[in-house]
Amino acid sequence: MSRTPVTVTITGAGGQIGYALLFRIASGAMLGPDTPVRLHLLEIPQGLRAAEGAALELQDSAFPLLSHVEITDDPAVAFRGANLALLVGARPRAAGMERGDLLQANGGIFGPQGRAINEHAADDIRVVVVGNPANTNALIAASNAPDVPKDRFTALTRLDHNRALGQLAAALQSPVGELRGVTIWGNHSATQFPDVAHATAGGDPVPALLAARMGGTDAARSWLEDQFIPRVAKRGAEIIEVRGSSSVASAASATIDHVHDWVLGTGDGGRTSAAIWSNGEYGVAEGVISSFPVVAEDGAWKVVESLDVDEFARRRIDASVAELVDEREAVRSLGLI
Ligand code: NAD
Ligand code: LMR
């Protein structure tokens with residue numbers, strides 16, 4: 001193995017998702033079995049001990065692909081030479097906090113991190129934001145990194161995509177691996193639109209399979225509107241209620257999937273979902289970071305532009321994009337972008 005290590009910066013590395021991510025990255029699950037990695041762990045001072053503990057365990061795991069671990073509370077050090085940045089650390093909503101307060105607090109994190117990426121990262125830097133509100137945090141980081149192409153800033157909706165696959169697989173009694181063509185549109189929030197209109201299972205159209213299982217098109221449509229869509233869109237809240245804290249392992253796994261496909265290509269897996277900079281595809285407002293149907297080729301996400309959008313889908317997409325536009329206005333009025 002003679003390849004130059006890829007430098008991966010993980011913010012919030014001492015937190016829950018960080019802990020679930022580090023070992024999978026070091027094992028090669030994210031970048032493949034031939035790519036060595038250097039890990040840069042960024043934490044705030046209170047989180048440094050937890051990150052140090054994780055680094056001790058990384059050493060004890062003796063991963064052949066792990067060439068170096070750096071731990072710091074200085075964004076300039078963390079992002080120096082970074083090829084990939086996984087922005088996980090964020091300010092959670094506290095009791096009594098208004099949305100504006102949350103956006104302001106996160107602007108204080110993602111603005112400086114965007115500037116540090118602009119200043120110190122490698123030319124091929126690719127960023128995925130996991131910390132919530134992920135789409136708008138990604139917009140803040142992108143807006144503060146004027147020298148980095150906008151298409152290098154993304155937000156995670158792969159978790160929503162995977163949740164949709166899990167629900168469909170259960171409803172159709174079909175292996176997840178046979179499902180293709182599911183799309184998450186819009187924001188990583190309860191307004192997102194999980195869309196199966198163009199999905200297939202084992203090559204057969206999902207809407208027809210659902211209708212066959214559920215006794216007709218009306219029953220299938222009711223299941224989609226009343227159960228599937230809200231279940232996927234509110235799954236984060238369901239996990240919080242059942243587990244007592246927000247999703248961790250599934251969020252880390254989706255982050256690995258997102259970066260894996262971005263760097264290595266979606267290939268035979270076909271299209272997936274990622275929140276990327278909008279250039280107005282499908283009538284989505286330009287300059288928000290919205291989830292789209294995408295493929296990845298040669299290290300770049302491309303929106304799959306050939307899908308028909310019916311009136312129902314149009315309303316759902318527009319509602320979620322309207323929320324993204326609102327969030328953009330809010331951070332603009334706070335001077336964060
Ligand atoms: P956590 O509280 O366990 O960990 C967050 C870590 O970030 C903490 O260790 C904290 O010290 C650190 N941190 C805070 N500010 C930082 C900063 N400025 N720089 C570096 N580190 C900083 O939380 P978690 O469970 O790991 O979740 C992290 C984030 O991911 C939350 O915002 C959560 O809502 C979000 N999340 C997103 C998705 C998604 O699909 N997009 C899914 C699950 C969770
Ligand atoms: C999730 O989708 O699991 C999280 O974004 C939920 C949350 O609010 O942390």
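# Close-up views of the predicted model

**View 1. Asp298, in the loop between strand S13 (289-297) and strand S14 (300-303).** Strands here are DSSP runs (E) of at least two residues and helices are DSSP runs (H or I) of at least four, both numbered from the N terminus. Although Asp298 is not a glycine, its phi is positive, about 50 degrees. Most residues other than glycine have a negative phi, and most peptide bonds are trans. Asp298 counts as exposed because 6 other C-beta atoms lie within 10 Å; the cut-offs are 12 or fewer for exposed, 20 or more for buried, and partly exposed in between, with C-beta atoms placed from the backbone. This is a predicted model, in which local features need pLDDT of at least 70 and side-chain atom pairs count only at pLDDT 80 or more, while totals for chains, interfaces and linings use all residues. Residues are numbered from 1 along each chain as its sequence is written, and chains are lettered from A and ligands numbered from 1 in the order in which they are written.

**View 2. Helix H6 (residues 158-172) and the residue that follows.** The 15 residues of H6 should span 21 Å at 1.5 Å a residue, and the end C-alpha atoms, 21 Å apart, agree with that; the expected span is 1.5 Å times one less than the number of residues. Buried residues of H6 include Arg158, Asp160, His161, Arg163 and Leu168. After H6 comes Gln173, with a positive phi near 55 degrees. Gln173 belongs to the loop between H6 and strand S7 (179-180), and it is exposed, since 9 other C-beta atoms lie within 10 Å.

**View 3. Helix H2 (residues 48-61) and Ala62.** For the 14 residues of H2, 1.5 Å a residue leads to an expected 20 Å, in agreement with the 20 Å between the end C-alpha atoms. Ala62, just after H2, has a positive phi of about 50 degrees.

**View 4. His188, annotated as "active site" in an unreviewed UniProt entry.** UniProt positions are given in the numbering used here, feature names are shortened, and annotations may be inferred rather than shown by experiment. His188 sits in the loop between strand S8 (183-185) and strand S9 (193-195). It counts as buried because it has 29 C-beta neighbours inside 10 Å. Apart from neighbours within four places in sequence, the contacts of His188 (C-beta atoms, placed from the backbone, within 7 Å) are Ala134, Asn135, Ala155, Leu156, Thr157, Asp160 and Ala275.

**View 5. The positions that UniProt lists as "binding site" in an unreviewed entry: Arg93, Arg99, Asn132 and Arg163.** They cover 71 residues of sequence and are spread in space too, up to 25.7 Å between C-alpha atoms. Arg99, in helix H4 (residues 99-120), is exposed because it has 12 C-beta neighbours inside 10 Å. Asn132, in the loop between strand S5 (126-129) and helix H5 (134-143), is buried, with 20 C-beta neighbours inside 10 Å. Look here also for the cis peptide bond from Asn132 to Pro133, whose omega is near -5 degrees.

**View 6. The shells around ligand 1 and ligand 2.** A residue is near a ligand if its C-beta atom, placed from the backbone, lies within 6 Å of it. There are 28 residues around ligand 1, and Gly12, Gly15, Ile17, Gly47 and Gly89 come nearest. Helix H1 (residues 16-27) contributes the most to this shell, three residues. Asn132, Leu159, Gly236, Ile239, Ser246, Ser247 and Ala251 surround ligand 2. By class, these are three nonpolar, four polar and no charged residues; Ala, Val, Leu, Ile, Met, Phe, Trp, Tyr, Cys and Pro count as nonpolar, Asp, Glu, Lys and Arg as charged, and the others, Gly among them, as polar.

**View 7. Domain 1 (6-155) against domain 2 (158-330).** These bounds come from an automatic or database domain assignment. The domain centres, taken over C-alpha atoms, are 24 Å apart. Domain 1 puts 28 residues into the contact and domain 2 puts in 27 residues. On the side of domain 1 that touches domain 2, at least two residues come from each of H1, strand S4 (84-87), H4, S5, H5 and strand S6 (153-155). H5 has the largest share of that side, six residues. Its classes are 18 nonpolar, six polar and four charged residues for the whole side of domain 1 that touches domain 2.

Notes: Contact = placed C-beta atoms within 7 Å.
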